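Work through the exercises below with the structure in view, and try each task before reading its solution.

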Amino acid sequence: MADESGEVNTAVEDGEAKQQQDESTVSETATNGEPRESQGPAEKPAAESNWSAPLLSLARKATETISSGVSYAAAPRNSSQGSAVSSPTDKEPANELNNTAKKLPVLPPKDPMAIERSNLLSMMKLSVKVLIQSSLSLGRTLDSDYPPLQQFFLVLEHCLKHGLKAKKTFIGQNKSIWGPLELIERLCPESVNIATSARDLPSIKTGLGRARAWLHLALMQKKVADYMKALLDRKDLLSEFYDSGALMMEEEGAVMGGLLVGLNVIDANLCIKGEDLDSQVGVIDFSLYLKDSTNSETPKDDTKMTAILDQKHYIEELNRHLSGTVTDLQAKMDSLEKTNSKLVEELTAATDRINSLREEQEQLKKDNELILLSSQKKEEAALQDSQTELETYKQTRQGLDEMYNVVWKQYKEEKRIHQELERELELQLGLKQEMEMAMKLLEKDSHEKQDTLAALRLQLDQVKTLNLQMFHKAQDSEREAAKKQAEAEQLEQRMNEMETAMMELEQRLQNSEQDRQKSAQSDKDMKVELEGKVNALQKQLSDLDTLRLGLENELRLEREQRQGLQKALQREQDNSVELRTQLQQLQGLHAELQDLKREKQQLQQTCEQQEQALQEMGLHLSQSKLKMEDFKEVNKALKGHAWLKDDEATQCKQCQKEFSISRRKHHCRNCGDIYCNSCSSNELALPSYPRPVRVCDMCHSLLLQRSSSTAS
């Protein structure tokens with residue numbers, strides 16, 4: 001970021017050199033320190049004042065940084081700025097700025113980060129204003145080759161890089177604006193498509209290239225301001241990526257977000273797949289924003305200046321590309337030499353290891369033969385012993401199994417008889433309980449009938465009293481007496497019936513009592529018989545238990561003998577397994593030896609291939625040196641060409657046809673003139689461009705002749 005701020009400050013000083021006469025009229029306001037333009041003797045047009053006001057503010061801020069005398073001017077991060085200013089073309093503007101700084105009053109020292117923020121914010125204002133004005137005057141959809149749009153993206157990139165923290169990686173420290181822009185994917189779900197498409201582009205490999213692609217896509221969606229506002233509102237998330245005095249963390253970030261709202265009026269159609277966004281150099285071109293009010297009457301000087309600046313930037317970019325390719329080739333050469341030396345060391349170590357493995361293999365073969373002979377003898381003896389022991393064990397086991405089966409059948413039969421007896425006993429007990437319940441019910445019925453007899457006797461006494469009363473009243477009503485007599489007769493009949501029922505119930509009670517006594521006697525007899533049978537069965541069970549214990553002891557002894565035999569057999573099996581593992585290890589060592597031989601052959605092949613690659617790299621280096629000399633000659637030839645502006649050309653230079661909506665203007669990337677599509681439909685690879693670009697028919701024929709002559 002220090003180098004970028006140095007480039008911004010040097011560009012501002014170049015602009016101040018063109019605004020020398022306006023600087024004498026600048027006066028400082030007492031409140032906020034913003035510059036304002038004093039009225040001169042001659043009136044200026046409105047358009048020129050619109051252009052000059054922001055530049056005067058830039059010039060004023062640059063003079064403040066020079067005249068403040070703080071340590072910011074002498075910091076190490078301005079070393080690149082000092083190298084840029086030390087060119088002979090910039091000495092005179094620097095002297096004039098020092099003279100103007102002496103005339104102006106000395107200001108208190110400011111924070112370097114605040115100065116950088118103000119400079120970047122003013123550049124953002126200028127770039128947005130120029131982009132909107134030029135796009136409205138142009139009246140069509142902007143493409144990626146439009147210079148104000150390219151400069152806007154550069155200024156926005158500088159603003160996003162200001163105060164960015166460096167992340168430590170294996171290669172070194174890395175600063176990329178892709179990290180903060182990835183946060184927008186979480187804050188705004190509608191930006192997921194942009195982020196995924198920027199990641200999935202196959203031609204982009206760096207984080208900076210992905211960030212540039214993301215900004216292009218967001219501008220085409222007209223949502224740059226919305227996404228930036230959502231990001232600026234979350235300062236807690238931005239603190240992970242930016243320092244405390246960064247532009248995105250201060251109020252200037254909110255102002256920048258407001259400036260980006262004006263870009264919604266622009267329609268852009270940008271092609272990202274063909275662009276080389278990873279290797280673009282972010283240098284701001286101030287020639288688009290510089291407009292001297294005193295020299296506005298001479299547009300030829302302006303065109304000369306812009307042409308010179310374009311040629312300067314073209315040559316610088318060309319030199320940068322060439323130096324980059326040379327450094328890459330040198331790095332590849334160093335890496336190939338290192339890998340070659342490592343491969344030679346590994347090859348010597350592998351040969352030593354192969355020799356040692358061969359000796360070990362011969363020794364292991366001898367040991368293996370001895371082990372195999374001894375193990376075969378042991379295995380034969382162990383197999384014979386185990387076969388005899390197995391035959392004896394099988395014979396004894398058959399006899400024991402037969403005895404155990406007979407005893408087990410007897411035990412099952414006795415157990416079945418015991419279960420049947422228990423079931424009969426349970427049935428007799430159930431019958432006894434039922435008889436007891438029936439006796440209780442009969443007793444309950446008899447008690448109830450006795451209660452009813454007592455109640456009837458009471459009723460009879462009451463009837464008698466009533467009869468006596470009625471007898472006294474019989475004289476009054478004979479009908480009532482007759483009725484009462486009839487009722488008495490009926491009652492007597494009922495009494496007789498109840499007495500007969502009582503007699504029957506008493507008879508039944510006596511019969512049930514006799515049956516109960518008989519059943520009790522039979523229960524006692526059954527109980528005695530069952531107890532005798534149970535005692536006999538218990539004796540038989542005890543005898544069977546003793547027999548079972550004896551058989552179990554014999555089985556235990558047989559099992560112990562069997563386990564001993566199994567352990568001996570297991571030992572022999574373990575010995576045979578160990579021998580087999582040793583055999584497998586020997587086979588594995590043999591396979592490793594074969595693999596090492598193959599690796600040796602592969603290493604020899606790779607060594608030969610790398611030697612061929614080194615020879616090819618040497619040829620490439622010689623060719624690149626020749627190309628560099630060709631590029632220098634091309635640069636010398638191209639210094640006379642100037643980039644023609646769109647406004648200056650109204651007709652094609654070759655066919656002299658007027659330009660219109662259907663016949664568009666196209667620049668030749670070699671000579672800089674403007675042609676129609678039919679006269680500039682050719683494409684050639686130029687040294688200053690990474691891919692084939694548009695050239696006119698004349699340049700196409702000249703370049704082809706030159707390439708054929710150099711090839712011959």
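The exercises go from the whole chain to helix pairs, cores and single residues.

This is a predicted model, in which local features need pLDDT of at least 70 and side-chain atom pairs count only at pLDDT 80 or more, while totals for chains, interfaces and linings use all residues. Residues are numbered from 1 along each chain as its sequence is written, and side-chain values use heavy atoms, with hydrogens and water left out.

**Exercise 1. The whole chain**

Task: State how many helices and strands the protein chain has, and what percentage of its residues count as buried.

Solution: Begin with the elements, where helices (H or I, at least four residues) and strands (E, at least two) are DSSP runs, numbered from the N terminus. By this rule the protein chain holds 16 helices and 8 strands. Next comes burial, for which buried means under 20% relative accessible area, exposed over 50%, and partly exposed in between (1.4 Å probe, protein chains only). Of the 712 residues of the protein chain, 31% count as buried. Finally, take contacts, meaning heavy atoms within 4.5 Å: among those between residues at least 6 apart in sequence, 72% join residues at least 24 apart.

**Exercise 2. Two helix pairs**

Task: Describe how H8 packs with H10, and how H6 lies relative to H13.

Solution: Axes are lines fitted to C-alpha atoms, for helices over the stretch in contact, and angles run from 0 to 180 degrees between N-to-C directions. Angles under 35 degrees count as roughly parallel, over 145 as roughly antiparallel, 65 to 115 as roughly perpendicular and the rest as oblique.

For the one pair, helix H8 (residues 178-187) and helix H10 (residues 207-221) have axes 9 Å apart and pack at an angle of about 45°, and H8 and H10 are therefore oblique to each other. On the H8 side the contact is made by Trp 178, Leu 181 and Ile 184, and on the H10 side by Gly 207, Arg 210, Ala 211, Trp 214 and Leu 215. To sort such residues by class, count Ala, Val, Leu, Ile, Met, Phe, Trp, Tyr, Cys and Pro as nonpolar, Asp, Glu, Lys and Arg as charged, and the others, Gly among them, as polar. The contact of H8 with H10 then has 6 nonpolar, 1 polar and 1 charged residues.

For the other pair, the axes of H6 and H13 come within 10 Å and cross at roughly 5°, which means that H6 is roughly parallel to H13. Here Arg 117, Leu 121, Met 124, Lys 125 and Val 128 of H6 meet Glu 252, Val 255, Met 256 and Leu 259 of H13. By class, the residues of the contact of H6 with H13 are 6 nonpolar, no polar and 3 charged.

**Exercise 3. A covered helix and the cores**

Task: Find out which residues of H11 are buried, and which residues touch the most other members of the largest nonpolar core.

Solution: Helix H11 (residues 224-232) is mostly covered, with 7 of its 9 residues buried, namely Val 224, Ala 225, Tyr 227, Met 228, Ala 230, Leu 231 and Leu 232. Their cover includes H7, H8, H9, H10, H12 and H13.

A nonpolar core is a set of buried Ala, Val, Leu, Ile, Met, Phe, Trp, Tyr and Cys residues joined through side-chain atoms within 4.5 Å. In the largest nonpolar core, which has 60 residues, Leu 149, Phe 152, Trp 214, Tyr 242 and Leu 263 touch the most other members. At least two residues of this core come from each of H6, H7, H8, H9, H10, H11 and H12. Another core, of 16 residues, lies apart from it and has among its members Ala 649, Phe 659, Val 693 and Val 695.

**Exercise 4. Single residues**

Task: Decide whether Glu 252, Asp 278 and Lys 222 count as buried or partly exposed.

Solution: Glu 252 is found in H13 and counts as buried because its relative accessibility is 19%. Leaving out residues up to four places away in sequence, Glu 252 touches Arg 117, Leu 121 and Leu 247.

Asp 278 has its place in the loop between H13 and H14, and at 21% relative accessibility Asp 278 counts as partly exposed. The C-alpha atoms of Asp 278 and Gly 209 are separated by 4.4 Å, although these residues are 69 residues apart along the chain.

Lys 222, in the loop between H10 and H11, counts as partly exposed at 32% relative accessibility. Lys 222 has a positive phi of about 60° although it is not a glycine.
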